[in-house]
Amino acid sequence: MDPPRLICIIGPDGTGKTTQAKMLIEKLREMGYEYEYRWMRFHHFISLPVLALARLMGLTEIQTLPDGRKIGYHHFYRSKLISTVYPITLYLDMLLAMIFKIYIPLKVQRKRLVCDRFIYDTLVDLTIDLDNIEFDNSKTAKKFLKLIPRDCLTILLIAPYEKIKERREDLKFDKYLRKRIETYMELKKRFPQLVTIDASSEVEKVHNQIVEIVVGENESAL
Ligand SMILES: Nc1ncnc2c1ncn2[C@@H]1O[C@H](COP(=O)(O)OP(=O)(O)OP(=O)(O)O)[C@@H](O)[C@H]1O
Ligand SMILES: Cc1cn([C@H]2C[C@H](O)[C@@H](COP(=O)(O)O)O2)c(=O)[nH]c1=O
């Protein structure tokens, strides 16, 4: 059977999504399937003025790391206005991104796509920004979820905090990494359709597991 035409790899920072998405595209190409890469996080267009306003209101904290890199935190739960308006504008941005980056290529151009991050990651980002663990149950979250095509295969890469910290120096400074991992664990419970892989093993092992899920055990040796 052909692999699904839309494959999404989601999960906390540093779990290997980009690495695995690229390896999967290469493997599928060798098998005769042309897939395109899509990065599906942070589409800010309509939400941009809201982000700017939030910054003016002092709701954005910027942490500068010893090497000069910066990590931004959104404390949007401190403002009723921003915590109401931001998810709606982000939804509209996601809708636009879905139309141009996913629906048209998938349905009109008949392309095959591997996404590095997807709508579930945006729900996790919003859960953290709004400090609302129930966000994925909200009306807005349901609207986001409705954007997901029915035949989409979503693979969640998960790894323990200590493992992720080893891989990416900068992430040990991220104040919300633990909370982010916990939020993905909650997501996994709520959405059993997410295929979860322990991403703490070596790159090739994780890759083989993904290939097995995508093309089925017998065909992966092709
Ligand atoms: N299974 C693995 N074992 C060890 N190191 C890995 C593994 N997968 C990825 N890495 C390394 O971990 C780092 C992060 O990987 P990658 O950028 O693919 O993760 P990511 O989930 O896309 O991260 P982010 O979302 O923060 O961009 C890279 O240096 C990569 O080489
Ligand atoms: C892969 C990719 C990344 N970025 C930027 C956006 C963020 O600042 C970082 C990390 O994003 P990730 O989702 O955690 O990988 O990289 C980008 O602008 N475009 C990309 O294709």
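This report walks through a predicted model, from its central sheet to its two ligand shells and a few residues of interest.

**The sheet**

Let's start with the framework. The model has an open sheet of 5 strands, in the order E2-E5-E1-E6-E7, and the pairing is parallel. Strand E2 (35-39) and strand E7 (195-198) form the edges, each pairing on one side only. On average, and with direction ignored, neighbouring strands of this sheet are turned by 20 degrees against each other. Within the sheet, E1 and strand E5 (residues 112-116) pair in the parallel sense over 4 bridges. In this region Ile9 has Asp116 of E5 as its bridge partner.

**The loop after E1**

What does UniProt list as "binding site" here? The unreviewed entry gives Gly11, Pro12, Asp13, Gly14, Thr15, Gly16, Lys17 and Thr18. Gly11 sits in the loop between strand E1 (6-10) and helix H1 (17-30), and Pro12 is placed in the loop between E1 and H1 too.

Are Gly11 and Pro12 buried or exposed? Gly11 is buried because 28 other C-beta atoms lie within 10 Å. Pro12 counts as buried because it has 26 C-beta neighbours inside 10 Å.

Their contacts are worth a look in the viewer. Leaving aside neighbours within four places in sequence, Gly11 is in contact with Lys17, Leu156, Leu157, Ile158, Tyr184 and Ala199. With the same neighbours left aside, Pro12 is in contact with Ile164, Leu177, Arg180, Ile181 and Tyr184. Tyr184 therefore appears among the contacts of Gly11 and among those of Pro12.

**The two ligand shells**

Ligand 1 is surrounded by 13 residues, and the closest are Asp13, Gly16, Lys17, Thr18 and Thr19. H1 and helix H8 (203-215) are the elements that give two or more residues to this shell. The largest share, 3 residues, comes from H1.

Around ligand 2 are Asp13, Thr18, Trp39, Arg41, Phe42, Asp116 and Arg117. Asp116, listed in that shell, is also the bridge partner of Ile9. Here is how the two shells divide by residue class:

| Shell | Nonpolar | Polar | Charged |
|---|---|---|---|
| Ligand 1 | 3 residues | 5 residues | 5 residues |
| Ligand 2 | 2 residues | 1 residue | 4 residues |

**Two positive phi angles**

Most residues other than glycine have a negative phi. Which phi values do Arg110 and Arg117 have? For Arg110, phi is near 55 degrees, a positive value in a residue other than glycine. Arg117 is not a glycine either, yet has a positive phi of about 80 degrees.

Both arginines are in loops, with Arg110 between helix H3 (80-108) and E5 and Arg117 between E5 and helix H4 (119-129). Their surroundings are worth setting side by side. Arg110 is exposed because there are 8 other C-beta atoms within 10 Å, whereas Arg117 is buried, with 21 other C-beta atoms within 10 Å. Arg117 is also one of the residues around ligand 2.

**A residue in H8**

Finally, Val211 is found in helix H8. Val211 is buried because 22 other C-beta atoms lie within 10 Å. Val211 and Gln20 are 191 residues apart in sequence, while their C-alpha atoms are 9.9 Å apart in space.

Terms used. Residues numbered from 1 in each chain as written. Chains lettered and ligands numbered in written order. Predicted model: local features only at pLDDT ≥ 70, side-chain atom pairs only at ≥ 80, totals over all residues. UniProt positions renumbered as here; feature names shortened; annotations may be inferred. Buried ≥ 20, exposed ≤ 12 C-beta atoms within 10 Å, placed from the backbone. Contact = placed C-beta atoms within 7 Å. Near = placed C-beta within 6 Å. Nonpolar A, V, L, I, M, F, W, Y, C, P; charged D, E, K, R; others polar. Pairing = 2+ DSSP bridges. Axes fitted to C-alpha atoms, helices over the stretch in contact; angles between N-to-C directions.
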